[in-house]
Amino acid sequence: EIDGEVSQTKPFIKGVTYGVNNSGSTFNFYDGLIEGKTLAVNGSFSALESGYTVIYDTDVDYKSNYLDRIPIIQNITQATSSDEKKYYDLKTAFEEAIDGDTLQMIADYSVLPTDETAVNNNSVTFDLNSKTIRQSNTLLIQNNRSLTITDNSQNADGNIVFLNGTNVISNDGTLNFVKGKISTSIETVTLIKNNTSGTLIVKDYAIIDSSTRTILIDNSGTTNIYNGAYLHTEEYYAIINNNILNITDLNNDDDPNTSSDLRAPQIDAEGYINIYHGNPYTIQNNQNATATIYGGIYNNGDTSSPNIGLIIGNNGTANIKNLESYAFYIGGNNGTLTIENSHFYNTSYHMIENNGTVNINDTIFEISDTRGDYRLLSGGGVMNFNRVTFKVKDENTSYNGTLFYAYNGATLNINDSNISLNASIGLADSNVSTVSIKDTTINMSNGINANNSSSLTIDDSDITSSNFGISSNGASIIDIKNQSTISSL
């Protein structure tokens, strides 16, 4: 009962798996001891005895929860022998902090649905100190100035666990997440909301992790992800970008003055193996947004098999450079996509579905499976390929699909490139599509299909096919000029 006093022994609840399994119902904890082998309480608390926090203890066989009145956070910058500057809630600790202060967690803490948001209006460091914060209120932290989240303990395993609410952090200032973890098992929520005026930096030993379908970062400001950062979600958008997103491997960009001892940033949407017409995407880059990707790891939790890779839905501007990825896929491209100096080992169906503009330079596409279907589709968009190589993985790999499929008025330009695989270039499904091939060597099984009002120009190029060089059905316009050769062997 609510009486200002707490019993830590009665009532007593014990379960083989959970002492209490609370799936979103009201659970008020005022007295007693709860034990369970997996968890004492699976779920969140609705209310506690005023001034008390939940203690999480683990013995050999059972985990237990009970209440105690202990401070949970300390301002270690302001602390003195006469005033330890310890607090019972986050809100008060942040209210009393000033520029340069470090707030350090000193106990695990359960944030109730009725608890107010902690607001940061100063330049503050928040040290998780290997403690666990279990969040059930609408928003844990609102950052309006400069906040660094880290964990300076030896184990560095502090964790903010999202149990209920809207976001963990809403950022309108500068948020540096450098060490520690933000995690959840709750579906279809957003962990970090980076607003229009916000700058978010995720790097070093920072982990943002979801065991279910969760948006990790919803970015409307500027988000920079660097070496060491690890983002993981299950079959959902890891990042939704509405403004500026930069993912950078400091060992793989163009600046010789930057480097890192940490591995490249890693972003996974684990479990999403079949990326045929992939949706959702690892990264959703929306209209008027810009995503710049220099390297990175996108194996989606599967390091043993090259089945998963970078999956982007692009309606804005996406720039990709110095990237190696398996099963690369760009879907819904109504924006502008530029790829440079990259290598893709593809085992999926489509690689790019384009209605916008695609520019690919100095890049290798390596096909390693035998499935057919289309790899590069352009329905009314423009695709420009310069110094690009398309090949099969080895001589034993036979790909019998269509490499390019241009339709609905699409424009396809291939320049100074090399195509060598069992495939064909499909030029048109309906309406006029324009294809230009210049200074390019093509060795394919079925040559080029030019159908249904297509326009095809071949300039200073060599085309060799085991079946036919060019097949034309319908009112196709074909212009072969200069030193071009076409042969069927």
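This is a short talk about the pockets, ring contacts and strand pairings in one structure.

Hi everyone, thanks for coming. One thing before we start: what you see above is a predicted model.

Let's begin with empty space. Rolling a probe the size of a water molecule over the atoms shows where such space is left. So how much space lies in the largest pocket? The answer is about 620 Å³. Its lining is made up of 27 residues, and if you want to centre your view, go to Leu-39, Val-41, Gly-43, Arg-134 and Leu-163, which lie nearest the centre of that pocket.

Which strands build this lining? At least two residues each come from strand S5 (39–42), strand S7 (53–58), strand S8 (63–68) and strand S15 (132–135). S5 gives the largest share, with four residues. For those of you thinking about chemistry, the lining of the largest pocket splits into 14 polar, nine nonpolar and four charged residues.

Now please keep Arg-134 in view. We just met this residue among those nearest the centre of the largest pocket, and Arg-134 also lies over the face of Tyr-56, at 3.4 Å from the ring centre. There is another contact of this kind to look at: Lys-14 lies over the face of Tyr-62, and here the distance to the ring centre is 4.3 Å.

On to the second largest pocket. About 280 Å³ of space lies there, and 21 residues line it. Nearest its centre you will find Tyr-52, Tyr-88, Asp-89, Tyr-109 and Asp-115. Two elements give two or more residues to this lining, namely helix H1 (90–96) and strand S12 (109–111). S12 supplies the largest share, three residues. By class, the lining of the second largest pocket has 10 nonpolar, seven charged and four polar residues.

Since we have been talking about rings, a word on aromatic pairs. A pair of aromatic rings is described by the distance of the centres and the angle of the planes. How many aromatic pairs does the model have? The count comes to 11. Ring pairs also link five phenylalanines that you can select together: Phe-344, Phe-365, Phe-385, Phe-390 and Phe-404 form a cluster.

Last topic: strands. Take strand S21, residues 190–194, which is mostly covered, with four of its five residues buried. What pairs with S21? Strand S19 (residues 167–171) runs parallel to S21, joined by three bridges, and strand S23 (residues 215–219) pairs with S21 in the parallel sense over four bridges. You can follow one path across: Ile-169 has Ile-192 of S21 as its bridge partner, and Ile-192 in turn stands opposite Ile-217 in S23.

Further along the chain, look at strand S51 (residues 462–465). In a regular strand the side chains alternate between the two faces of the sheet. Which residues of S51 point to the buried face? They are Ile-463 and Ser-465, while Asp-462 and Thr-464 point to the other face and are not buried.

S51 has parallel partners too. Four bridges connect strand S48 (residues 441–444) to S51, and four bridges join S51 to strand S54 (residues 485–488). Thr-464 is a handy marker here: Asn-443 stands opposite Thr-464, and in S54 the bridge partner of Thr-464 is Ser-487.

That's my tour, and I'm happy to go back to any of these views with you.

Methods:
Residues numbered from 1 in each chain as written. Predicted model: local features only at pLDDT ≥ 70, side-chain atom pairs only at ≥ 80, totals over all residues. Heavy atoms only, no water. 1 Å grid on protein atoms, 1.4 Å probe; cavity = no way out; pocket = protein on both sides within 12 Å on 5 of 7 lines; lining within 4 Å. Points joined across faces, edges and corners; volume = space filled by probe spheres on them. Nonpolar A, V, L, I, M, F, W, Y, C, P; charged D, E, K, R; others polar. Phe/Tyr/Trp six-rings, centres within 6.5 Å; stacked < 30°, edge-to-face > 60°. Lys NZ or Arg CZ within 6 Å of the ring centre and 35° of its normal. Buried < 20%, exposed > 50% of the residue type's maximum accessible area, 1.4 Å probe, protein only. Pairing = 2+ DSSP bridges.
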